[in-house]
Amino acid sequence: MKILIIQEYSRHKENELYRECLCFERAFKFLGHDVTSWGLGHLNYREQINFNYYDIIFCLENYGDDWIPDLSNVTKPCKILYAIDPHCRGIDPYVKIFKEKGFNHLFSAVYGFCNKHIPYLPNSVDEELFYDKKIERDIDIGFVGNMVTRERQSLIEYSSKKYNLKSYTGIFGDDMVNLLNRFKFSFNKNISIDVNYRNFESIAAGCILITSYSPEAEKLGFIHGKNCLMYKNISEIDDFLKIDDDTIKSIKINGQKMISKHTFKNRAKNIIDFVNNN
């Protein structure tokens, strides 16, 4: 199939290869499809695009909406809008774009916003970028990401004092992957009802994931004590940090098995199957 992916290019140079559009582009190409990424900031953005040339148009823009093209008169492709961050914006802005820009289908990365009209397409990981580099894990417990909410910030500040958690912000791309490879335990606090990328990325990079409990994560196969560690109360981390080496090894092995089901290649195949059956 011929596929056009629409998303603004990365605003962080070090994060270019990690931008979702390029992860999906590589995944679709791996499956044998002809793929072009296009949007604000891409080298081809000013080129004239024949939208009807494509079989699928897949838009996952999350920086800004003003430049997204009106596809109302584009009739050939299946036009999919993917809401990748409704836990931050809510689903209403995406519903508005879906209606005003002429899309056929709206997907959500957050299960809580899904219904019979909005299919679930969970977050995922690019296993070619996030993997265990087999280097020394010299940081017992760490966090890498953004504070975003006061609740997450408070938990990180508490854990830094209580558990000597090392916290890093403003780290992107290869530097982030290298940092995750230094963590023995990777700390995460999900935002709202989202199962954020760091859950997937931490496990793929060979860490033991410590994350806030989420029924949505359980639906995806994250199982406390088997392939990750989930806390309902932050004090539970006391026991998590005392688990023995055999348990750590088992969680790591099971984590790699589980995360292999949640790659961009898996999601790309889900999209192709959806289009073929609708």
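Which residue is the bridge partner of Ile139 in S8? The partner is Phe183. This pair belongs to a predicted model, and the report below describes the sheets, helices and cores of that model.

## The sheet containing S6 and S8

Strands S7, S6, S8, S9 and S10 form an open sheet, and they follow one another in that order with parallel pairing. S7 and S10 are the edge strands, each of them pairing on one side only. On average, and with direction ignored, neighbouring strands of this sheet are turned by 25 degrees against each other.

Strand S8 (183-188) pairs with S6 in the parallel sense over three bridges. Besides the pair of Ile139 and Phe183, Gly142 stands opposite Ser186 in S8. S8 also pairs with S9, again in the parallel sense, over four bridges; here Phe185 has Ile208 in S9 as its bridge partner. Because five of the six residues of S8 are buried, this strand is largely enclosed by the rest of the structure.

## Helices against this sheet

Helix H4 (150-163) lies across S6, S7, S8 and S10, and its direction is at about 145 degrees to S8. Helix H6 (197-204) lies across S6, S8 and S9, running at about 165 degrees to S9.

In helix H5 (residues 173-180), the buried residues are Gly173, Met176, Val177, Leu179 and Leu180. They cover an arc of only 160 degrees around the axis, which puts them on the same side of H5. These buried residues pack against S6, S7, S8 and H6.

## Helix H9 and its two sides

Helix H9 (residues 245-259) has 15 residues, and at 1.5 Å a residue it should span 21 Å; its end C-alpha atoms are 21 Å apart, so the model agrees with the expected span.

Ile248, Ile251, Asn254, Gly255, Met258 and Ile259 are the buried residues of H9. Seen down the helix axis, they fall within an arc of 135 degrees and therefore line one face of H9. An α-helix has 3.6 residues a turn, so residues three or four places apart point the same way. The cover over the buried residues of H9 includes S8, H6, strand S9 (208-212) and strand S10 (229-231). On the other side of H9, Asp245, Asp246, Lys249 and Lys257 are exposed.

## The sheet containing S1 to S5

Another open sheet has five strands in the order S2-S1-S3-S4-S5, with parallel pairing. Its edge strands are S2 (34-38) and S5 (105-108), each of which pairs on one side only. The twist from one strand to the next averages 20 degrees.

Strand S1 (residues 2-6) runs parallel to S2 and is joined to it by five bridges; Ile6 stands opposite Trp38 in S2. Helix H1 (residues 20-30) packs on this sheet, where it touches S1, S2, strand S3 (56-59) and strand S4 (78-83). The direction of H1 makes about 170 degrees with that of S2.

## Nonpolar cores

In soluble globular proteins, nonpolar side chains tend to be buried together. The largest nonpolar core in this model has 51 residues, of which Phe24, Phe28, Phe58, Tyr82, Phe130, Phe222 and Ile271 touch the most other members. Tyr82 has contacts that include Phe24, Phe58, Leu60, Tyr94, Phe107 and Leu121, residues up to four places away in sequence not being counted. Ser108, Pro122 and Asn123 are also among the residues that Tyr82 touches.

A second, separate core has 21 residues, including Cys59, Trp67, Leu71 and Ile97. Cys59 is also one of the residues touched by Tyr82.

## Positive phi in two loops

Which value does phi of Lys134 take? Phi of Lys134 is near 60 degrees, a positive value in a residue other than glycine. Lys134 is found in the loop between S5 and strand S6 (139-144). With a relative accessibility of 68%, above the 50% cut-off, Lys134 counts as exposed.

Asn164 likewise has a positive phi near 60 degrees and is not a glycine. Asn164 is found in the loop between H4 and strand S7 (166-168). Its relative accessibility is 48%, so Asn164 counts as partly exposed.

Notes:
Residues are numbered from 1 along each chain as its sequence is written. This is a predicted model: local features need pLDDT of at least 70, side-chain atom pairs count only at pLDDT 80 or more; totals for chains, interfaces and linings use all residues. Side-chain values use heavy atoms; hydrogens and water are left out. Two strands pair if DSSP finds at least two bridges between them. Axes are lines fitted to C-alpha atoms, for helices over the stretch in contact, and angles run from 0 to 180 degrees between N-to-C directions. Contact means heavy atoms within 4.5 Å. Buried means under 20% relative accessible area, exposed over 50%, partly exposed in between (1.4 Å probe, protein chains only). A nonpolar core is a set of buried Ala, Val, Leu, Ile, Met, Phe, Trp, Tyr and Cys residues joined through side-chain atoms within 4.5 Å. The expected span of a helix is 1.5 Å times one less than its number of residues. The arc is that of the directions from the helix axis to the C-beta atoms.
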